[in-house]
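Hi everyone, thanks for making time. I'd like to walk you through a structure that is new to most of us, so let's put it on the screen.

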Amino acid sequence: MSEQRRELQVAALCNGTAIDHIPPRFVFKVVSLLELENLENPITIGNNFESKKMQSKGIIKIADKYFEEDEINKIALIAPNVVLNIIKDYEVVEKKRVILPQTIKGIVKCNNPKCITNNEPMITHFEVVDSDKIELRCHYCNIKIKKDEIILK
C-alpha cells in the first residue's frame, strides 16, 4: 500500500495577497509592474508550477500587502485572468479574478508624441476597444494601441 503525500510548493501566507494563475512568461513582468523589488515585505515568487487550469502557472505571495485598484489594473493589462487571493490568518477571505476595466486612467502612456497627454501635465485616459486582444484607444487623440505596444507609466 502506497501513501500519497502532498506538500506545499510555496509556504503558506499568514496575511497578505497571493497573485495566482499568472502565465509563466509574465511572472517577472508582474513583479516589475507592481514594483515589488521596492517592498520590504517578505515576497515569495514561484514559477512553472503544475496547474489544473493551465499547463503551468506562476504565483507571487506578498506578506502584509493589499493592493489598490490602480495596481490591480496594471496586472490586468498583461495578465488579465490572474486570481488575487486576499489572505488573513492563513485563510483566503476574498478571491478576485482580475478583469480589465473599460477605462484605464493614469497607467498607460499614449504612443502618439503629439497627444496632449505627452505635452501637458495631465492624466492619460484610455478606453478598452477589445478586451480579448487587449486593444486600447486614447480618449484625447483616438490613437489605438495594441497589447504589445503598451507602455506603462
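Let me start with a question: where does Tyr90 lie? Before I answer, please keep in mind that this is a predicted model. Tyr90 sits in the loop between strand 4, residues 83-88, and strand 5, residues 91-97. Its backbone has a positive phi, near 65°, and Tyr90 is a residue other than glycine. And is Tyr90 buried or exposed? Its relative accessibility is 55%, and exposed means over 50%, so Tyr90 counts as exposed.

Now let's go back along the chain to Glu35. Here, too, phi is positive, about 50°, although Glu35 is not a glycine. You'll find Glu35 in the loop that links helix 1, residues 27-33, with strand 2, residues 43-50. With a relative accessibility of 44%, Glu35 counts as partly exposed.

Next, have a look at one of the sheets. Which order do its four strands follow? The order is 6-8-9-10, the sheet is open, and the pairing is antiparallel. At the edges are strand 6, residues 103-105, and strand 10, residues 144-146, each of which pairs on one side only. On average, neighbouring strands of this sheet are turned by 30° against each other, ignoring direction.

Let's zoom in on one edge. Strand 6 and strand 8, residues 125-130, run antiparallel and are joined by three bridges. If you'd like a spot to click on, try Ile104: its bridge partner in strand 8 is Phe126.

That's my tour, and thank you for listening!

How values were computed: Residues are numbered from 1 along each chain as its sequence is written. This is a predicted model: local features need pLDDT of at least 70, side-chain atom pairs count only at pLDDT 80 or more; totals for chains, interfaces and linings use all residues. Side-chain values use heavy atoms; hydrogens and water are left out. Helices (H or I, at least four residues) and strands (E, at least two) are DSSP runs, numbered from the N terminus. Buried means under 20% relative accessible area, exposed over 50%, partly exposed in between (1.4 Å probe, protein chains only). Two strands pair if DSSP finds at least two bridges between them. Axes are lines fitted to C-alpha atoms, for helices over the stretch in contact, and angles run from 0 to 180 degrees between N-to-C directions.
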